[in-house]
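Work through the exercises below with the sequence and the model side by side, and try each task before you read its solution.

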Amino acid sequence: LQAKEESTVLCRICCGRNREFTMNFNGMDANGQTYTFIQMERPFKCTILAFCCLFNPQELTVKNGAGGIVGRIVQRWECFPFFFIPGLTLFFNVNDAQGMTKYQ
C-alpha cells in the first residue's frame, strides 16, 4: 500500500489545510504491477463564514480505481454549537455516490 499526494508547492505553502490536492492509494497485484484502487480529490475552496452562513464549504470526493465516484465528504455548518462550544467546531457529512447523507 502506498499513498501519494499530488499538489503544488505554492498551494502547500500559501493555502495550508485549505489546499487542493489529489491523493492516490496504490497497491501491487500478484504480477508486481502497480494500480490505483482509491483516489481522493479535494478542490481548492475559499470557505467564508458570514452571518451564520457557510459559503463555499470544503469537500473531498472519493473515487474507485476506475474513476467512479464512491462518495463525497462535505463540510456543513451548525450555528448553535459553533458559538456555544469552545474551540473551533467543524462538522462534515459523508455522502454516498448518489449524494445521500450516510453519516453526520
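Lys63 counts as buried because its relative accessibility is 18%, where buried means under 20% relative accessible area, exposed over 50%, and partly exposed in between (1.4 Å probe, protein chains only). The model is a predicted one, in which local features need pLDDT of at least 70 and side-chain atom pairs count only at pLDDT 80 or more, while totals for chains, interfaces and linings use all residues. Residues are numbered from 1 along each chain as its sequence is written, and side-chain values use heavy atoms, with hydrogens and water left out.

**Exercise 1. The charged partner of Lys63**

Task: Find the residue whose side chain meets that of Lys63 in a salt bridge, and state where the two residues lie.

Solution. Start with the criterion: a salt bridge is a side-chain nitrogen of Lys or Arg within 4 Å of a carboxyl oxygen of Asp or Glu. The side chain of Lys63 meets that of Glu41 in such a bridge, with an N to O distance of 3.2 Å. Next, locate the pair: Lys63 belongs to strand β6 and Glu41 to strand β3, so that the bridge links distant parts of the chain, 22 residues apart; strands (E, at least two residues) are, like helices (H or I, at least four), DSSP runs numbered from the N terminus. Finally, compare the surroundings: Glu41 counts as partly exposed because its relative accessibility is 27%, whereas Lys63, at 18%, counts as buried.

**Exercise 2. A network of charges**

Task: A search of the whole structure finds five salt bridges; work out which residues are joined with Glu59 into one network.

Solution. First take the bridge between Glu59 and Lys45, whose closest N and O atoms are 3.4 Å apart. This pair links distant parts of the chain, with Glu59 in strand β6 and Lys45, 14 residues apart from it, in the loop between β3 and β4 (48-50). At 15% relative accessibility Lys45 counts as buried, while Glu59, at 21%, counts as partly exposed. Then take the bridge that Arg72 forms with Glu59, where the closest N and O atoms are 3.9 Å apart. Here Arg72 lies in strand β7 and Glu59 in strand β6, 13 residues apart. Since the salt bridges share partners, Lys45, Glu59 and Arg72 are joined into one network.

**Exercise 3. Following the strands**

Task: Trace how β1, β2, β3, β6 and β7 pair, and name a bridge partner where you can.

Solution. Two strands pair if DSSP finds at least two bridges between them. Begin with β1 (residues 2-6), which runs antiparallel to β2 and is joined to it by five bridges; Glu5 has Met23 as its bridge partner in β2. Move on to β2 and β3, which pair in the antiparallel sense over eight bridges, with Thr36 in β3 as the bridge partner of Asn26. These two strands form a hairpin with five residues between them, and Gly32 in the turn has a positive phi of about 85°. From β3 go to β6, since the two pair in the antiparallel sense over four bridges, and Ile38 finds its bridge partner in Asn64 of β6. End with β7 (residues 69-76), which runs antiparallel to β6 and is joined to it by five bridges. The hairpin of β6 and β7 has four residues between the strands, and Gly67 in its turn has a positive phi of about 95°.

**Exercise 4. Nonpolar residues inside and outside**

Task: Identify the residues of the largest nonpolar core, and then those of a nonpolar surface patch.

Solution. A nonpolar core is a set of buried Ala, Val, Leu, Ile, Met, Phe, Trp, Tyr and Cys residues joined through side-chain atoms within 4.5 Å. The largest one is made up of five residues, namely Phe21, Met23, Met40, Leu60 and Val62. The elements giving two or more residues to this core are β2 (21-28) and β6 (59-64). In soluble globular proteins, nonpolar side chains tend to be buried together.

For the patch, look for residues with over 30% relative accessible area and no salt bridge, where nonpolar side chains (Val, Leu, Ile, Met, Phe, Trp, Tyr) are joined within 5 Å and like charges within 9 Å; accessible areas come from the Shrake-Rupley method with a 1.4 Å probe, and for residues only the protein chains shown count as cover. Leu1, Tyr35 and Phe37 make such a nonpolar patch of about 350 Å². Tyr35 lies in strand β3 (residues 34-42) and counts as partly exposed because its relative accessibility is 40%.
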